[in-house]
Amino acid sequence: MKLSKTLIGLTLCAFALVGTHEATAQTMHGQASYYAGKFHGRRTSSGAIYHKDSLTCAHRTLPFGTMLRVRNTSNGREVVVRVTDRGPFARGRIVDLSLGAARQLGMVAAGVTGVEVEVLSRPGSTPASSGASR
């Protein structure tokens, strides 16, 4: 009986760690948009100053400083960005990119595009061996 309670407890802990929320997944799929120029020079939620040419993004729940690889699913172009802000708050959107990141993905004209987002590293962790360096 004690062994089965222990197994149940470990299983519940494993489910809690893995979860199903998009922020705990290593890869997320959804829509990306980008910041309008009016935010240039303003503070982000992390306290950093937003620069339109930086390679940064907003995510609802990932810790500030998390590094993400974002791939435009319509053309295959990729960019590595750092989470510095909160958002987007539009339904279906999983990341809000800086203008510089949007340019690298070739999505400025479209405004919104389908993306695959991969977590490369979180603050305090070592970068994944998948070539996270810029």
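Modeller: A residue is called buried under 20% relative accessible area, exposed over 50%, and partly exposed in between (1.4 Å probe, protein chains only). This is a predicted model, in which local features need pLDDT of at least 70, side-chain atom pairs count only at pLDDT 80 or more, and totals for chains, interfaces and linings use all residues. Residues are numbered from 1 along each chain as its sequence is written, and side-chain values use heavy atoms, with hydrogens and water left out.

Colleague: Why is Arg71 called partly exposed?

Modeller: The relative accessible area of Arg71 is 24%; a value between 20% and 50% is partly exposed, so the term applies.

Colleague: What makes Arg69 buried?

Modeller: Arg69 has a relative accessible area of 12%, and because this is under 20%, Arg69 counts as buried.

Colleague: Why is the contact of Glu118 with Arg69 called a salt bridge?

Modeller: A salt bridge requires a side-chain nitrogen of Lys or Arg within 4 Å of a carboxyl oxygen of Asp or Glu. The closest N and O atoms of Glu118 and Arg69 are 3.0 Å apart, so the pair qualifies. Glu118 lies in strand S6 (residues 113-121) and Arg69 in strand S3 (residues 67-72), 49 residues apart; strands here are DSSP runs (E, at least two residues), numbered from the N terminus.

Colleague: How do you know that Arg69 and Glu78 meet in a salt bridge?

Modeller: Their N to O distance is 3.6 Å, which is within 4 Å, and therefore the rule is met. By this rule the count comes to 4 salt bridges.

Notes: Helices (H or I, at least four residues) and strands (E, at least two) are DSSP runs, numbered from the N terminus.
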